[in-house]
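Please open the structure in your viewer and keep the selection panel at hand. The stops below go from the whole chain to single side chains.

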Amino acid sequence: MEDGQLQLSMGSNLRFLKLEKCMSLVKLFPSSLLQNLGELRVENCDNLEQLFDLEGLNVDDGHVGLLPKLKNLGLIGLPKLRHICNWGSSTIDHFPSASLSNIIFPKLNGMLLGSLPTLTSFSPGNHSLQRLQHADLNTPLPVLFAETDFENMQVAFPHLEYLHIDGVDNVKRIWDDQLPQDSFSKLKDVWVESCGGLLNIFPSCVLKRSQSLHTLIVKDCISLKEIIAKDINGVLLETSPTFVFPKLTFLHLYKLPELRSLYPRAHTSQWPLLEILEVLDCHQLNVFAFKTPTFEQRHHEGNLHMPLFFIHRVKYKKVQVHETLEQNRVGPDIVQVLRRLRILCVAVPYLKKSLLGHNNDTEIWQEQFYANSFPRLIVLDVCGSGNISIVIPSFMLQALHNVEELHVGDFSSVKVVFQLEGLEEEHQVKPLRRLRKLELSCLPWLTHLWKDNNKPALICRVASFQNLATLDVRSCGNLSSLISPSIAKTLVKLKTLIARGSYMMEEIVDNEGDQEVANEITFRKLQHLALVDLPNLISFSSGGGYIFPFPSLEDLTFEGCSKMEIFSPSLLTTPKLKGVKLEDNEWHWQDDLNTTIQSLFRKTHVDADDNK
């Protein structure tokens with residue numbers, strides 16, 4: 001170390017260099033000594049002010065190749081670092097201005113910038129301090145990747161695929177609207193987190209060249225207002241632009257309290273390969289909305305922000321096209337039109353998993369979606385979105401017919417999960433037929449899992465739960481029962497049933513109003529049953545009119561059900577059950593299940609009397 005600069009005698013042979021907690025380090029050695037370096041990590045060097053300089057580098061075809069073999073760069077915890085590339089007057093004099101256009105990191109593949117609170121730009125210059133438009137014109141707007149002062153010179157990253165920015169609070173924008181040719185053209189993963197001053201993610205020029213983008217994660221950026229900038233330097237994009245994310249498969253937006261839209265003005269977006277969508281705690285963002293005259297008028301009046309996904313309604317006559325008709329009777333132009341109409345009706349055609357919660361939506365599904373809007377959606381997780389009473393209304397059941405897992409939680413107003421009222425028996429495909437897992441938690445006002453308009457026998461004809469394997473209901477305080485006999489008859493593949501923390505629940509299988517159901521209800525596949533913290537539970541089913549065979553039940557957890565004196569007054573068989581699991585992994589068994597529950601009831605109340 002000399003004058004705060006690291007000195008290396010063998011720098012030209014280095015392949016990997018990690019500097020950590022070098023408190024006296026102010027600047028690194030000249031980049032010319034690191035020509036073979038493949039990976040550089042600098043962490044927690046409290047006094048480091050600059051990283052690279054151009055001293056001793058050569059110009060090649062108007063470009064300066066900086067660290068020609070560097071593939072990975074990580075800069076973490078450098079509180080005084082303001083710029084990554086620096087040059088002084090001696091450096092500028094070294095290069096003829098007419099011969100130099102860009103500084104290139106030719107092989108850099110991954111870049112991590114973390115906890116750099118004073119960083120304003122990759123390289124210094126007035127061009128990296130744009131001016132805010134429509135606001136205070138004297139307010140500097142730091143841009144991370146922008147032109148420098150030196151003859152409009154820019155830093156280029158032709159092979160960068162992975163960019164992770166975390167804790168860079170001073171930067172207002174990541175990219176300028178003018179970039180070197182091919183720079184950032186191979187981006188695959190962009191992760192932006194905890195950048196408190198950031199206003200947007202992409203200018204349109206970066207988005208257009210980032211056609212390989214697979215993953216976009218944006219988290220905890222408290223000032224972010226939009227994903228795509230509405231203007232750069234006061235220049236607006238064309239009227240109603242189209243934004244295409246041709247290869248994006250994963251989109252995660254979390255804790256963005258000021259985020260209002262993908263793009264604030266009228267636009268169209270396309271997400272042909274999006275598979276996973278996670279939007280949480282974006283309190284001013286609507287996720288889905290249809291483009292209707294009413295919506296456009298309210299948006300124009302300033303009453304509605306543009307949603308994340310803006311779906312265009314397509315009006316056309318109902319046409320049935322069979323394969324023979326396509327091949328023999330309808331011309332190819334007509335077939336193409338019909339196929340195009342179908343594509344426009346699909347919101348996100350390859351979406352497989354969606355996690356939505358605590359956003360601005362007053363309803364999860366604001367209007368009726370087309371039946372093929374989510375043709376591949378398998379996992380749906382929703383929580384705390386708006387003041388809603390029904391999670392899946394009847395008009396959405398056909399659109400969600402391929403869902404296999406549904407998780408619902410943290411709604412203070414939900415009363416019904418599935419609304420079956422209004423379904424017609426002539427539906428060829430029964431909704432919910434592929435549902436395998438249903439988890440409900442923290443729904444204090446839930447009264448019905450399935451709302452069927454008091455026609456219990458109709459359920460078997462209009463809906464199917466034949467593949468449901470797991471039913472897990474926790475902290476749903478207003479439920480008096482879990483399932484009706486009609487529903488129970490359809491649960492032929494149920495393996496796990498959990499009821500926990502629902503203080504109003506009196507029975508699992510309701511005994512009211514289901515006279516059309518045969519008197520035997522067999523839970524043929526049920527292996528695991530847990531009844532925990534249900535202080536008002538009287539029995540599994542209070543009526544004596546049903547027979548309950550449990551041929552596969554092996555594991556029964558039972559605790560906190562102080563009113564349950566008998567498992568069921570009905571005839572029941574549990575040939576594989578050898579014990580009841582209690583608190584602290586204690587097991588209890590006496591003759592049969594009803595006798596065991598009676599014994600536990602007496603023991604609980606005797607112990608309670610002794611403690612008085």
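**A tour of the chain**

Among contacts in the protein between residues at least 6 apart in sequence, 79% join residues at least 24 apart. Keep in mind throughout that this is a predicted model. With the whole protein shown as a cartoon, you will be looking at eight helices and 41 strands, and buried residues make up 50% of the 612 residues. If you switch to a surface, the protein exposes about 28,200 Å², of which carbon and sulfur atoms supply 47%.

**Salt bridges**

A search of the whole structure finds nine salt bridges. Begin by selecting lysine 18 and glutamate 20, whose side chains meet in a salt bridge with an N to O distance of 3.7 Å; lysine 18 is partly exposed at 42% relative accessibility, and glutamate 20 is partly exposed at 39%.

Next, select glutamate 405 and arginine 436, which form a salt bridge at 3.6 Å, N to O. Because glutamate 405 lies in strand S28 (residues 405-409) and arginine 436 in the loop between strand S29 (416-419) and strand S30 (437-441), the pair ties together parts that are 31 residues apart in sequence.

Then move to arginine 474 and aspartate 472, where the closest N and O atoms of the salt bridge are 2.7 Å apart. Is each partner of this bridge buried or partly exposed? Arginine 474 is partly exposed at 31% relative accessibility, whereas aspartate 472, with a relative accessible area of 8%, falls under the 20% cut-off and therefore counts as buried. Afterwards, select Lys225, Glu258 and Arg260, which are joined into one network by salt bridges that share partners.

**Charged patches**

On the surface, select Lys493, Lys495, Arg524 and Lys525, which gather in a patch of positive charge. Within this group, lysine 495 is found in the loop between helix H7 (485-490) and strand S34 (496-500), and lysine 495 is partly exposed, with a relative accessible area of 42%.

For a patch of negative charge, select Asp533, Glu583, Asp584 and Glu586. Aspartate 584 lies in the loop between strand S40 (580-581) and strand S41 (587-588) and counts as exposed at 71% relative accessibility.

**A buried threonine**

Finish at threonine 596, which lies in helix H8 (residues 593-610) and, at 0% relative accessibility, counts as buried. Which residues does threonine 596 touch, not counting those up to four places away in sequence? Displaying the side chains here should bring up Val580, His588, Trp589 and Gln590 as its contacts.

Methods: Residues numbered from 1 in each chain as written. Predicted model: local features only at pLDDT ≥ 70, side-chain atom pairs only at ≥ 80, totals over all residues. Heavy atoms only, no water. Patch = residues over 30% accessible without salt bridge, like charges linked within 9 Å, V, L, I, M, F, W, Y side chains within 5 Å. Areas by Shrake-Rupley, 256 points an atom, 1.4 Å probe, with all protein chains shown as cover. Salt bridge = Lys/Arg side-chain N within 4 Å of Asp/Glu carboxyl O. Lys, Arg positive; Asp, Glu negative; His and termini not counted. Charge placed at Lys NZ, Arg CZ, Asp CG, Glu CD. Helix = DSSP H or I, 4+ residues; strand = E, 2+ residues; numbered from the N terminus. Buried < 20%, exposed > 50% of the residue type's maximum accessible area, 1.4 Å probe, protein only. Contact = heavy atoms within 4.5 Å.
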